[in-house]
2 protein chains.
Amino acid sequence: MIQVFGHMAPDTDATGSAIVWAWYLNEVKGQSAAAKLLGTPNTEAAFVLNRWGFDQPEIITDVAAGDDVVIVDTNNPAELPASINDANILEIIDHHMLVGGIKTKGPINITVRPLACTATIMADLMGDDLAKAPDAIKGVMLSCIISDTLEFRSPTTTDVDVARAKALAAELGVDIAEYAAEMFAAKSDVSAFSDAELLRMDSKKYEVGGKAFRVSVLETTTPAIVLDRKASLMDSMTTVASEDGVDQVLLFVVDILNEESTLLVSNDLVKTVAEKSFGATVTGDTVVLPGVVSRKKQIIPQLAV
Amino acid sequence: MIQVFGHMAPDTDATGSAIVWAWYLNEVKGQSAAAKLLGTPNTEAAFVLNRWGFDQPEIITDVAAGDDVVIVDTNNPAELPASINDANILEIIDHHMLVGGIKTKGPINITVRPLACTATIMADLMGDDLAKAPDAIKGVMLSCIISDTLEFRSPTTTDVDVARAKALAAELGVDIAEYAAEMFAAKSDVSAFSDAELLRMDSKKYEVGGKAFRVSVLETTTPAIVLDRKASLMDSMTTVASEDGVDQVLLFVVDILNEESTLLVSNDLVKTVAEKSFGATVTGDTVVLPGVVSRKKQIIPQLAV
């Protein structure tokens, strides 16, 4: 049984593209595969699973030596099970920068493309076989693209992603704007999560200038829900940073509809980051960064301290 | 100008696939690219360049920060310029196991496939555009496949490689058996090289059991030419190992036509390696390993100490 999984803190693409590729391996390639999760899916991913009739895949905490695995939507060992390099990695499909920690025991299929969404890459890899996919699989692929492109707002969006999403939506009879609004409402419904959970929900560790950061984003259509909690979120950052072995948590609250981020400025280090990375002028405990919606394209590459 | 290059100690695939992809970027993708070499091509690669009318690409020793580069036929920083991670890596096309040291500044195109030859992967990536390639480019691609598969003898050979080589040969009017014999004769003509050069000519560093090895192969149709020099080759191993920071050089003289290797057993460490890795019974200073022709498939995965 091949285990197909994306990164920890699974979002829609990590969850959905694992389901898509497991379907492809089972139904087209005649192999035996199952999608797995490395944590509880976020509220948008849970909505997507429910919308297209999928049970939540099993959550696993590690892999055993020799397990057959396919990695999707990441190539970062820090976002994968601790024993990942002991597993028999069969394939990697991803759209992130290469961070260089995964090793394979022989030559395997690795496909990384600078597209917005892993599911888009999978559609290309499937070629004509995509036509064999049931509506539920196509619906999940569409959801992945809408999620990762923020309905085509993110600067990571490519023509390839847009064309694929529009073709899938047309085939499925889905109105992209209406469906995206439902997805983003689900993603914005974070009231059930603790401050620490919010800080870790969509977060990547990144080191720059000798400092280790947890770079967290919360994509929402209702930033006020998060920003109303800013005092306790900032309190919680110290504990989370200490527990996770980083110097600082940076929380960017991404306003999807207005295409801007609010960075919580909890101390002088974050103030310096805001000024040096984004040329921002910081006067209070938050700063708005107009146009910044993509961690991959607009936050990580700019980060300076 | 995009610099396209393969690994150090360039063989036919490292040389040829760089030329092929530079052609594709220039003539199909409308970019500005040039093939480069990270060392003097081996005698087979030099023969192939001459046969298809190419000048030897420029040899470079390093890359500068921000240089646009495409890496082919390796993903191993140890086989690449020291400053490779400072360059702007645009793409990687390879067929080796992922060793995990290359980092990219953003998401790029990475295509690794478990095929025998990088040029085969390129043919697949080009799709219909391959038809635009002039005979010289197709001839180089055919040469790469014949070289890396040892004319389909290597266990790394896949149906995809064979089909592509046969199609190219038919189109070019090349008799594969005759042409392969010419290529292998060129590869076997190693009289001009010093012992140290022979030991480093087609060599990869590999660590196992706490020992660092330089695992060298010499593919030849006339093993006697190399084996006649075994005494001085074994003498030279100590110096090469010391200079290159490894514990031991392992030299496998691959008899292409008889599909076997002769390992030079220079000391007890190599004797142990021969016994533990290949179940060989060693009585003298060489041991024949029947059927062993591929470092990638039959030597590295077996290596034990």
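How many nonpolar, polar and charged residues does the lining of the largest cavity have? In this predicted model, that lining has 7 nonpolar residues, 6 polar residues and no charged residues. The lining numbers 13 residues in total. Those nearest the centre of the cavity are A:Asn75, A:Leu98, A:Gly100, A:Ile102 and B:Leu98. The volume of this cavity is about 90 Å³. The search covered the whole structure and found 2 cavities of 30 Å³ or more.

The second largest cavity has a volume of about 40 Å³. Its lining consists of B:Thr12, B:Thr15, B:Gly16, B:Ile19, B:Ala45, B:Val48, B:Leu49 and B:Val140. By class, 5 of these residues are nonpolar and 3 are polar. Charged residues are absent from this lining as well. Two helices of chain B, α1 and α2 (43–51), each supply at least two lining residues. Helix α1(B) gives the most, with 4 residues.

B:Thr15 belongs to the lining of the second largest cavity. This threonine sits in helix α1 of chain B, which spans residues 12–28. Is B:Thr15 buried or exposed? The relative accessible area of B:Thr15 is 2%. B:Thr15 therefore counts as buried, the limit being under 20%. Beyond its neighbours within four places in sequence, B:Thr15 is in contact with B:Pro10, B:Leu37, B:Pro41, B:Ala45 and B:Leu49. Of these partners, B:Ala45 and B:Leu49 also line the second largest cavity.

The packing of nonpolar side chains was examined next. The largest nonpolar core has 69 residues. Those with the most contacts inside this core are B:Val4, B:Trp21, B:Met126, B:Met141, B:Leu250, B:Phe252 and B:Leu303. Helix α1(B) gives the most to this core, with 8 residues. Helix α1(B) is thus the leading contributor both to this core and to the lining of the second largest cavity. The core draws on two domains of chain B, domain 1 (2–186) and domain 2 (195–302), with at least three residues from each.

B:Leu250 is one of the core residues with the most contacts. Leaving out residues up to four places away in sequence, B:Leu250 touches B:Phe213, B:Arg214, B:Val215, B:Ser216, B:Leu263, B:Val270, B:Val273 and B:Leu303. Among these, B:Leu303 is itself listed with the most contacts inside the core. Apart from the largest nonpolar core lies another core, of 68 residues. Its members include A:Val4, A:Ala35, A:Ile121 and A:Val217.

Methods. Residues are numbered from 1 along each chain as its sequence is written. Chains are lettered from A and ligands numbered from 1 in the order in which they are written. This is a predicted model: local features need pLDDT of at least 70, side-chain atom pairs count only at pLDDT 80 or more; totals for chains, interfaces and linings use all residues. Side-chain values use heavy atoms; hydrogens and water are left out. Buried means under 20% relative accessible area, exposed over 50%, partly exposed in between (1.4 Å probe, protein chains only). Contact means heavy atoms within 4.5 Å. On a 1 Å grid over the protein atoms alone, a cavity is a set of points where a 1.4 Å probe fits but cannot get out, and a pocket is an open set with protein on both sides within 12 Å along at least five of seven lines; lining residues have an atom within 4 Å of a point. Grid points are joined across faces, edges and corners, and a volume is the space filled by probe spheres set on the points. Ala, Val, Leu, Ile, Met, Phe, Trp, Tyr, Cys and Pro count as nonpolar, Asp, Glu, Lys and Arg as charged, and the others, Gly among them, as polar. A nonpolar core is a set of buried Ala, Val, Leu, Ile, Met, Phe, Trp, Tyr and Cys residues joined through side-chain atoms within 4.5 Å. Domain bounds come from an automatic or database domain assignment.
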